[in-house]
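Q: Please give a close account of the interface between the two chains, and of the salt bridges that accompany it. A connected description is preferred to a list.

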Amino acid sequence: MEQATPPAPAAGATATVDLSPVAVDLVGAHLLPCGIRQNGAAPVSDYFKPRSTGLEVEGVKVEEAFFRGRKLQGATLAFPDGYRGYVLEKKSGGNDTHNSDGEVSNFVSRAEFQNITYWNHDTTPSAEDSLPRCFHWLTVANAMHKPVTVEDLANMSAMQNQDS
Amino acid sequence: MVEAVPMVVPEWATKEPCLMGIDEAGRGPVLGPMVYGCMYCAHSYNNTLATLKFADSKTLKEEQREELFESLKVNNSIGWEVDVICPKDLSAKMLKKSKVNLNEISHNSAMGLVRKVLDMGVLLEEVYIDTVGDPEKYRVKLSEKFPGIKFVVAKKADSLYPVVSGASIVAKVTRDRALRNWVFDETALNMHMKTGSGYPGDPDTKQWLEDHKHPVFGFPTLVRFSWGTCTPFFKDAVEVTWESDDIDEDATNNGSAKRQVKLSSLGFTGFKRKTEEIESSGKGRCKFFQARKLELVKKLE
C-alpha cells in the first residue's frame, strides 16, 4: 500500500517508485495464506473462483475459494479514501542512480487495485486478523504526521489558558 | 456435502421394522466425488429383494445399473438416499490444518445417512455395511453412535447382502451421473471429461491429468489434490508453501498420519517453509506492529 504521491527520489532513499504510467486497473487483488514461488502472470480468473458463503461474521462477508486443494475463507477490504494498491515491477539496468547506501532500485507501477481480498486457510476471517488490523496504522500515521496548523496551535494555547 | 433431493418417507417404513444397506462408490479414484448410498426396505420385503438381481452390482454393466436404479426408484417398497462428497471437499478435509483422513470422512458419511434416515422416521432395526478399515472397530463405532440398531459390518458386503448391492447401485449410478454431467468450476480452455477410471494405472486417467495440470493452480477442482496419484504431475510445478505444513504432523494420532506425512514429504502437498522468508512478521518492533505483522521495509527489492 502506498499513498498516491508522485515519485520523489529524496536523499537517503533506497528506491524510487514511478506511479505515473497508466496502469491496468485490477479492481481487486488476492492475498493468499501461502507462498507461491512464481513471479509473473497467472490465469487467476480462470482457476481461482471465489464464492460468497452467505455467512457474515462481525459485519465481514465471508467468501470461499479453493487453491491447490485447500479450502480458503476470505474477506474483501476496500482501501480507505486516498489509498490505492499497486503492483510494482523493478526497472532493470541503465539509469539506476546511486547514493551512500549503494544501488537504488527503481520501480514502475504495472497495475493498481482499490480493494484486497485476504484469505485464511481453514479459519473464518475476523476483525482480529492481522490484515484488517493493518489499516489501523493509517489512522495512527495520519495523526502522527499531519502538519500542525496555525488553528491547531491557537486551539492548544487556548486550552492551556483555560487550564491555568 | 451435496445431498440428493429429499424423498418422502414411505408409510410402511415408519410402521414396520426395516433393514438398510450402505455402500460407497468412488473411494479410490483420483478425481470426482465419493458417493455414499443407502437403500432400505421392510424386513418382510427382504426375500423379494433377493430376487431383484441387485446382487454382484460391481459385475454389472453401466446400462444394467442405470436400468436397475430406475426400477428401484419406482419401487414403492424401497427407499434410498445418497450423500455426494465433492472432490474439493475431500481435498480440503484431507489438507486441513487438522487433517481428516479418508476413513473418517467415509465413516461420517455413512453415519450421516443413518442419521438422516432415522430423522425421517424410518424404523431402522438392522444396517448392513461394507467395511472401511477394521470391521470390528467400525461396528463398535457405529453401535455406540446408534445404540438401538444392529450393525453388520463385513468385507464385500455388497456381494453378500442384496440390500447392500442395492445401495451400491444407488451410489455407483449417482457417481457416474455426477461425472457425466460434471460442470467445471474453472473456465480454462480445452478441458474435457475423458477421465478414464480415475486410477493411476489407467492410460486415459494419466492423459487426462497430463492435459489438465497447471503449473500454478495444480488441477481443476475435479481432482482430489490429496491423492498420491497427483504427485508425479507436480515435479515441474511452481512451489507452494503453507503455514499449516510447518506443524509437526507426527502429532496426528490417527491411523493414516504416516501416509499424510509421506504425501507432504513427496513435495506436492507441502514444502517445509521458513515463514519469515516470505511473510512479514513485524519481529523486533513494538507490539502494535507485531500484532499486525507490519515490517519496516528498509530496502525495496
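A: The account below begins with the interface and then turns to the salt bridges and one loop residue.

This is a predicted model, in which local features need pLDDT of at least 70, side-chain atom pairs count only at pLDDT 80 or more, and totals for chains, interfaces and linings use all residues. Residues are numbered from 1 along each chain as its sequence is written, chains are lettered from A and ligands numbered from 1 in the order in which they are written, and side-chain values use heavy atoms, with hydrogens and water left out.

Chain B brings 44 residues to the contact and chain A brings 38 residues, where contact means heavy atoms within 4.5 Å. The buried area is about 3700 Å², and carbon and sulfur atoms give 59% of that area; buried area is the accessible area (1.4 Å probe) that two parts lose on being put together, summed over both. Across the interface, 13 residue pairs are in polar contact, both residues being at pLDDT 80 or more. A polar contact is a pair of N or O atoms within 3.5 Å; within protein, one must be able to donate a hydrogen and the other to accept it, and residues adjacent in sequence count only if both atoms are side-chain atoms.

On the side of chain B that touches chain A, the elements giving two or more residues are α4 (87-94), β7 (240-242), α11 (275-278) and α12 (287-291) of chain B. Helices (H or I, at least four residues) and strands (E, at least two) are DSSP runs, numbered from the N terminus. The most is given by α4(B), with four residues. This side of chain B divides into 19 nonpolar, nine polar and 16 charged residues; Ala, Val, Leu, Ile, Met, Phe, Trp, Tyr, Cys and Pro count as nonpolar, Asp, Glu, Lys and Arg as charged, and the others, Gly among them, as polar.

Strand β4 (residues 34-36) of chain A pairs with β7(B) in the antiparallel sense over three bridges; two strands pair if DSSP finds at least two bridges between them. Within β7(B), B:V240 is the bridge partner of A:I36.

One salt bridge is counted between chain B and chain A, a salt bridge being a side-chain nitrogen of Lys or Arg within 4 Å of a carboxyl oxygen of Asp or Glu. B:E239 and A:R37 form this link, with their closest N and O atoms 3.7 Å apart. Over all chains, the count comes to 18 salt bridges.

Within chain B, B:R180 and B:E66 meet in a salt bridge at 2.9 Å, N to O. This pair links distant parts of the chain, with B:R180 in helix α8 (residues 162-180) and B:E66 in helix α3 (residues 62-73), 114 residues apart. B:R180 is partly exposed at 47% relative accessible area, whereas B:E66 is buried at 16%; buried means under 20% relative accessible area, exposed over 50%, and partly exposed in between (1.4 Å probe, protein chains only). Both residues belong to a network of salt bridges that links B:E62, B:E66, B:E70, B:K73, B:R177 and B:R180.

The loop between α4 and α5 (102-119) of chain B holds B:N101. This residue is buried, with a relative accessible area of 8%, and a polar atom of the B:N101 side chain lies 2.9 Å from the backbone nitrogen of B:E104.
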